[in-house]
Amino acid sequence: MLTLIRPTMFPVLRNEDLKEMLESNKESLKLEAMKRVVGLIAKGKNASELFPAVVKNVASKNIELKKLVYVYLVRYAEEQQDLALLSISTFQRALKDPNQFIRASALRVLSSIRVPIIVPIMMLAIKEAAADLSPYVRKTSAHAIQKLFSLDPDQKEQLIEVIEKLLKDKSTLVAGSVVMAFEEVCPDRIDLIHKNYRKLCNLLVDVEEWGQVVIISMLTRYARTQFTSPWKENNEKTFYDSDSEEKKGQIEAKPYIMDPDHRLLLRNTKPLLQSRNTAVVMSVAQLYWHLAPKHEVSIVTKSLVRLLRSHREVQYIVLQNIATMSIQRKGMFEPFMKSFYVRSTDATHIKTLKLEILTNLANEANISTILREFQTYVKSQDKAFAAATIQAIGRCATNISEVTDTCLNGLVLLLSNRDETVVAESVVVIKKLLQTQPTQHSEIIKHMAKLFDNITVPMARASILWLMGEYCERVPKIAPDVLRKMAKTFTIEEDIVKLQTVNLAAKLYLTNSKQTKLLTQYILNLGKYDQNYDIRDRTRFIRQLIVPSEKNGALNKYARRILLAPKPAPVLESAFKDRDRYQLGTLSHSLNIKATGYQELSDWPAVAPDQSVRNVEVIEPVRNLPSSHTSSYLLALANITMISSIFPMDFYLGFRPKGISTVHSDPSLNIKSNSPVKLAVFILNEI
């Protein structure tokens, strides 16, 4: 009999064993223990008990061990603040370490200690790190700014000074992090961006991916405040008329000319549509949607469609944004309509979004193709998706008048479907469609009345009862019979059905009181003692409204005008119609509600601010030497001095320019006048 043993790379050790290894004198054991501890953290296990043993090794001279210790401290410094404070002097010394990774890790740990008493130390460390020669350390200082601001918002002014300094950094490693700090600390200080705008645009392609997302989002907000709208029509003309003949005439509006900086942003972000990171592509797409001229927005279409091959989480966000875009500009995605066809492997929420987009793209030219696709979707085993398809058919019927009758007939055929969900949704949609043309579809109302007994879904039954009451004069023989059936089952019906039954009774009492007077009184008596207070209140109101008495004689006169007033047909609209008020790609857009921290895009300014604020003065370095940089000059001297020990003096004098008999003397150099160095100085000055 064979015993299966699961192979493991390391045997499982207890915390006591790890503590012994961490407290041993051997560096190899300590390093092995730290690897195991970090492995435990990566698996989500709690290793906080080892904090005292780990923190003792923070001063180790082993670089690898020290890196792992700092990884651990970043994770648990906030939980074990007292113990972390005991080692704060070690962290401060590590800020001067020759290794850039140790300096960055020390700053990261220091900023993770959430104790207000060390705020001055953190501030000093951030300022020093912001001036570090290593871009990696400067990037870490930008991350620490956000942590310090959340710990002590009173440090905002000093942090803004550091941010202003880091914004001038030319390293692509720092750019994304400092813009993120800018967005957290002072997003309203647009003046800090002016001088760095063009630099950020040019660095954008080389910045790491998540930094690109942050920078693009910030530049989108910046552009909406600094440039005029590119959506204005060039051919607009304004006419000013007055009684004075001198003022009469036409004044043509100035044609729109895009700001060069506006064009710079669009041009430098366009290559990022090919990025492998979906967030970057989505950021560029929203930038073009909010900033680009209308005829250029279609550039993002192919890139967005390409993202539909990603995971379903990515598909969900991308489809939400496409659904919003397809409402305003159908032509963008119409050539890619087949990309939105539903697959059997799609999740329900993905199917629903694709259905939404297909409905938005529907027009007279492609409606026949879309309806054929919808016929297949109605047969889906996914009941929620089938119901959404029926609603989509209803929207197509209301939006495109040419297919209204076709859609209505198709929905009537669905009333004989075996699935109750499909039948119920069909009834609800038919009810909305009939309100547009009630005079032409009395036969459909009769057909629905015949199916009433077989329909059990409360919303569907309530919809049929509403139709009977609303158009009771068109079916005078059927409506009283439906009311009679409802009187028998009133007590066991759902609340929504009971309310519509009371409404039907009231309308029939006003239009056909001879047949329905007793039935109405019976139903009103049942509703008077119902368990639901809404039904009791509705019953009392209806009784006082329709039954004449001495007390309510004045109100009874208006009963017909109140209950039988013509009602406007409902408008079937997309759920994404109003989402364009939020910036695309944001959490607020996805949830359709303003999320915490959301910053609204400002309206385009009527007049563009002065573009000279983005000009950067280039100061040329002052050259003490007329022919070369100081470093090159000194290097030449060093080389010639070295060679002078090899070649004789006559070698140098042979290369003297013509007309020069003697070598210039230089009192500042304490060497012989005929030395090779002296000759080199002269030659370099004369070139």
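A crossing of two helices is called left-handed if the near helix is turned anticlockwise from the far one by less than a right angle, and right-handed if it is turned clockwise. Helix 27 passes helix 28 in a crossing of the left-handed kind, and this pair is taken up again below. The structure is a predicted model, in which local features need pLDDT of at least 70 and side-chain atom pairs count only at pLDDT 80 or more, while totals for chains, interfaces and linings use all residues. Residues are numbered from 1 along each chain as its sequence is written, and side-chain values use heavy atoms, with hydrogens and water left out.

The secondary structure of the protein consists of 35 helices and two strands, where helices (H or I, at least four residues) and strands (E, at least two) are DSSP runs numbered from the N terminus. Of its 687 residues, 48% count as buried; buried means under 20% relative accessible area, exposed means over 50%, and partly exposed lies in between, with a 1.4 Å probe and protein chains only. The accessible surface amounts to about 38,000 Å², of which 53% belongs to carbon and sulfur atoms, as obtained by the Shrake-Rupley method with a 1.4 Å probe, where for residues only the protein chains shown count as cover. Among contacts (heavy atoms within 4.5 Å) between residues at least 6 apart in sequence, 65% join residues at least 24 apart.

The first helix pair to examine lies in the N-terminal numbering, where helix 8 (residues 119-130) and helix 10 (residues 156-167) pack at an angle of about 10 degrees with their axes 10 Å apart. Axes here are lines fitted to C-alpha atoms, for helices over the stretch in contact, and angles run from 0 to 180 degrees between N-to-C directions. Helix 8 and helix 10 are therefore roughly parallel to each other, since angles under 35 degrees count as roughly parallel, those over 145 as roughly antiparallel, those from 65 to 115 as roughly perpendicular and the rest as oblique. Their crossing is left-handed, and the contact is made by M123, I126, K127 and A130 of helix 8 together with Q158, L159, V162, K165 and L166 of helix 10. S141, which lies in helix 9 (residues 135-151), is buried with a relative accessible area of 0%. Leaving aside neighbours within four places in sequence, S141 is in contact with L107, I126, A129, A130 and L166.

Further along the chain, the axes of helix 27 and helix 28 come within 8 Å and cross at roughly 150 degrees, and these two helices are therefore roughly antiparallel to each other. In this packing T501, V502, A505, L508, Y509 and T511 of helix 27 meet S513, T516, K517, T520, I523 and L524 of helix 28. L508, placed in helix 27 (residues 495-511), counts as buried at 2% relative accessibility. When residues up to four places away in sequence are not counted, L508 touches C472, A479, P480, L483, S513 and T516. The C-alpha atoms of L508 and P476 are separated by 9.0 Å, although the two residues are 32 apart along the chain.

After helix 28 comes D530, in the loop between helix 28 (513-528) and helix 29 (533-546). D530 counts as buried at 10% relative accessibility, and, apart from neighbours within four places in sequence, it is in contact with F490, K498, I535 and R536.

H589 belongs to helix 32 and counts as buried at 1% relative accessibility. Beyond its neighbours within four places in sequence, H589 is in contact with Q320, N321, T324, R579, Y582, Q583 and L584, and its C-alpha atom is separated by 9.4 Å from that of F576, 13 residues away along the chain. N592 is found in the loop between helix 32 (587-591) and helix 33 (630-644), where it counts as partly exposed at 28% relative accessibility. Most residues other than glycine have a negative phi. N592, which is not a glycine, has a positive phi of about 60 degrees.

The cysteines remain to be considered. The structure holds zero disulfides, a disulfide being a pair of cysteine sulfur atoms within 2.5 Å. C407 is in no disulfide, and the nearest cysteine sulfur, that of C396, is 6.3 Å away. C407 counts as buried at 4% relative accessibility, and C186 is likewise buried, with a relative accessible area of 0%.
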